[in-house]
There are 2 protein chains.
Amino acid sequence: MKSKRTSLQDIADIVGMTKMTVSRYLKNPELVAPSSRVQIETAINKLGYIPNRAPNILSKGKSYAIGVLFPSISNHVFDEVLRGIESITEPAGYQIMIAHYAYSEQLEEKRISSLLSFHVDGLILSESVHTQNTLRMIQGAGVPVTEIMDTRTPPIQQAVGFDNEDAARQMTDRLLSKGYQNIAYIGAKGDVRDLARQRGYEQALKKSGQESIVFRSPEFTSIRLGSEILDDILAIRPKIDAAICTNDDVAIGMLVSCKKKGLRIPEDLAITGMHGHEMGQLISPNLASVITPRFKIGQVAAQQLLLRINGASNIEPFIDLGFEINEGESI
Amino acid sequence: MKSKRTSLQDIADIVGMTKMTVSRYLKNPELVAPSSRVQIETAINKLGYIPNRAPNILSKGKSYAIGVLFPSISNHVFDEVLRGIESITEPAGYQIMIAHYAYSEQLEEKRISSLLSFHVDGLILSESVHTQNTLRMIQGAGVPVTEIMDTRTPPIQQAVGFDNEDAARQMTDRLLSKGYQNIAYIGAKGDVRDLARQRGYEQALKKSGQESIVFRSPEFTSIRLGSEILDDILAIRPKIDAAICTNDDVAIGMLVSCKKKGLRIPEDLAITGMHGHEMGQLISPNLASVITPRFKIGQVAAQQLLLRINGASNIEPFIDLGFEINEGESI
DNA sequence: TTGAAAGCGCTAACAA
DNA sequence: TTGTTAGCGCTTTCAA
């Protein structure tokens, strides 16, 4: 049970050759005598050899792994992004190492440090704000980095995403054009994207002459959060007739709460979300939402990163993949 | 920009010492002359040094990383499990490397091979069935493995979870005792746990003399799937009065569809889920579900694994952490 | 308080 | 067709 891991040498010893021949067999079997091949194959099958990447990482300085950081793995936004990333990395023979950091800059720093200590060849980050230390580490490691989701904040090297501010502005304009008079913005423990959305909302309202009404919870977004804050909001501002939620989870929570209270949507309260998740499209009424190109974001981010890992230097600093507005039935 | 990664030697060169002194400073600063410390510190801050784990992995055969495999990162079941795992690994100084395999044995094999090639010190797997190759690799690597969720299938070394068969049996018994007469089981692209649940359901029905009615979709579970299959099920078996769904996602989808169609829950159709997710407790009516100790499962799995990584040999092969039934309002 | 040497597992380059 | 050598970056051990 405690036997140590099989090495090339172990195999070589069994078949009476040097590890070099075994190594050759693994990479270019045709360079090894057919009779030897059989012996080596047999020995490997018996011992269960697993290649060890450490020596290669050490001598080539390349791991064929890329690090992917998500704020939270329970946030459905990132499922699709991950699928997009893998659609590129998998065929290219790159491993991805996923880590998450609960929206904390400090944890992000720790995770990045850890990923870099395993010598990842590149990083995909989901945040646009980082600690000083993080920036220094990335600099020191000399690896390419792509930041996703946000195309507003100046990136470390490159950003792939969409314009959160514009998305919220357009959604707010829709509500205004439909005649809503008291539109609130519902934020949560705010990352920069949430804040960008709030800005977009505020600008649209300002242009129309309406007063902005912002609620911001210190909690992470969740369906539960959305369902709990409805009462608070109505207590403070009973007259609001529309709520722009920072994302679909919060919006769905509010929507569920409204139904429980007997509020009609959108007659009594219009609700909008962000990202266009499955759940929002299944419930009734369908949730109005900004449909974001999450798969594409992952795909393009990975493509760009691989290009740069392989030496490309003509970096486009911002790649904006746009979004669509789905009015659903909730506005 | 393309400058290569900073090494201890780079720092040593700047301060005019050997890398050995720099290495000492990093591990035991008190062994280094105060004047040297300042110089080294300055150089490190300037260059952004990141320790390189590869040499240590190479010479010690230990990475202080453990591999965690989930079938899907969009399955909410595993959020809590992950938090449980991290509650143990984080303070113990172990890194976790997350990977997912879309419920495919082949992909699982690939992921395990990759994780092992990075020399992870142990593995937490979410599946109880594996390819021959997977078993051989794990054998060859000589790393401890803990399989989670299922305590029915004989584990490679150790299983931590709950009894899916018993959970479904107990839930079925509840429905029977409430007088339901046509209880169906709704499965999906079935892993062994899904199949274990079906067995539990069938046994309970058999004991009561009722006929079992099983629907099984070839798709992965999702809210959408649940919402789409309701019509099919009612078309084939219009008389069913209760549906035991393989998990909460499917159950929530069915529930949403029922509401759209104007079916009353539980009067026209009773619905039950599995795992007790947040969403099920927020919607109306509250979803009946088996509440599983997911955080605890992660915690115990990680504890056991670390113990074994550090040499413990008294392995309890099955650790059953139980479950609770929440009747909610949907039965 | 600092340094020198050796070695972890593998493969590129060269040799036989 | 197979073998030998050297070296990737770091730490352990021994020496100064």
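Biologist: Is Tyr64(A) buried, partly exposed or exposed?

Modeller: Tyr64(A) is partly exposed, since its relative accessible area is 41%, where buried means under 20%, exposed over 50% and partly exposed in between (1.4 Å probe, protein chains only). This is a predicted model, in which local features need pLDDT of at least 70, side-chain atom pairs count only at pLDDT 80 or more, and totals for chains, interfaces and linings use all residues. Residues are numbered from 1 along each chain as its sequence is written, chains are lettered from A and ligands numbered from 1 in the order in which they are written, and side-chain values use heavy atoms, with hydrogens and water left out.

Biologist: Where is Tyr64(A) found, and what lies over the face of Tyr64(A)?

Modeller: Tyr64(A) belongs to the loop between α4 (54–60) and β1 (65–70) of chain A; helices (H or I, at least four residues) and strands (E, at least two) are DSSP runs, numbered from the N terminus. Its phi is near 50°, a positive value in a residue other than glycine. A charge sits over a ring if NZ of Lys or CZ of Arg is within 6 Å of the ring centre and within 35 degrees of the ring normal. Here Lys62(A) lies over the face of Tyr64(A), 4.0 Å from the ring centre. In chain B, the charged end of Lys62(B) sits over the ring of Tyr64(B), also at 4.0 Å from its centre.

Biologist: Which strand holds Met149(A), and is Met149(A) buried or exposed?

Modeller: Met149(A) is part of strand β4 (residues 145–150) of chain A. With a relative accessible area of 2%, Met149(A) is buried. Its phi is positive, about 90°, although Met149(A) is not a glycine.

Biologist: How should the strand order of the open sheet in chain A be read?

Modeller: Strands of a sheet pair through backbone hydrogen bonds, either parallel or antiparallel. Two strands count as paired if DSSP finds at least two bridges between them. In chain A, an open sheet of 4 strands runs β7-β6-β8-β9, with parallel pairing. Its edge strands, β7 (213–216) and β9 (270–272) of chain A, each pair on one side only. Within it, β6 (residues 183–187) and β8 (residues 242–245) of chain A pair in the parallel sense over 4 bridges, and Ile186(A) stands opposite Cys245(A) in β8(A).

Biologist: What does helix α8 of chain A touch?

Modeller: Contact means heavy atoms within 4.5 Å. Helix α8 (residues 164–177) of chain A packs on the sheet and touches β6, β8 and β9 of chain A. The direction of α8 makes about 170° with that of β8(A); axes are lines fitted to C-alpha atoms, for helices over the stretch in contact, and angles run from 0 to 180 degrees between N-to-C directions. Helix α9 (residues 192–208) of chain A also packs on the sheet, touching β6, β7 and β8 of chain A, and its direction makes about 170° with that of β6(A).

Biologist: How many strands has the open sheet in chain B?

Modeller: The open sheet in chain B has 6 strands in the order β7-β6-β8-β9-β10-β12, with mixed pairing. The edge strands are β7 (213–216) and β12 (324–326) of chain B.

Biologist: What rotation superposes chain A on chain B?

Modeller: A rotation of 180°, with 0.1 Å of shift along its axis, superposes chain A on chain B with an RMSD of 0.1 Å; the fit is by least squares on the C-alpha atoms of residues with pLDDT of at least 70 in both. The two copies are thus related as by a two-fold rotation axis.
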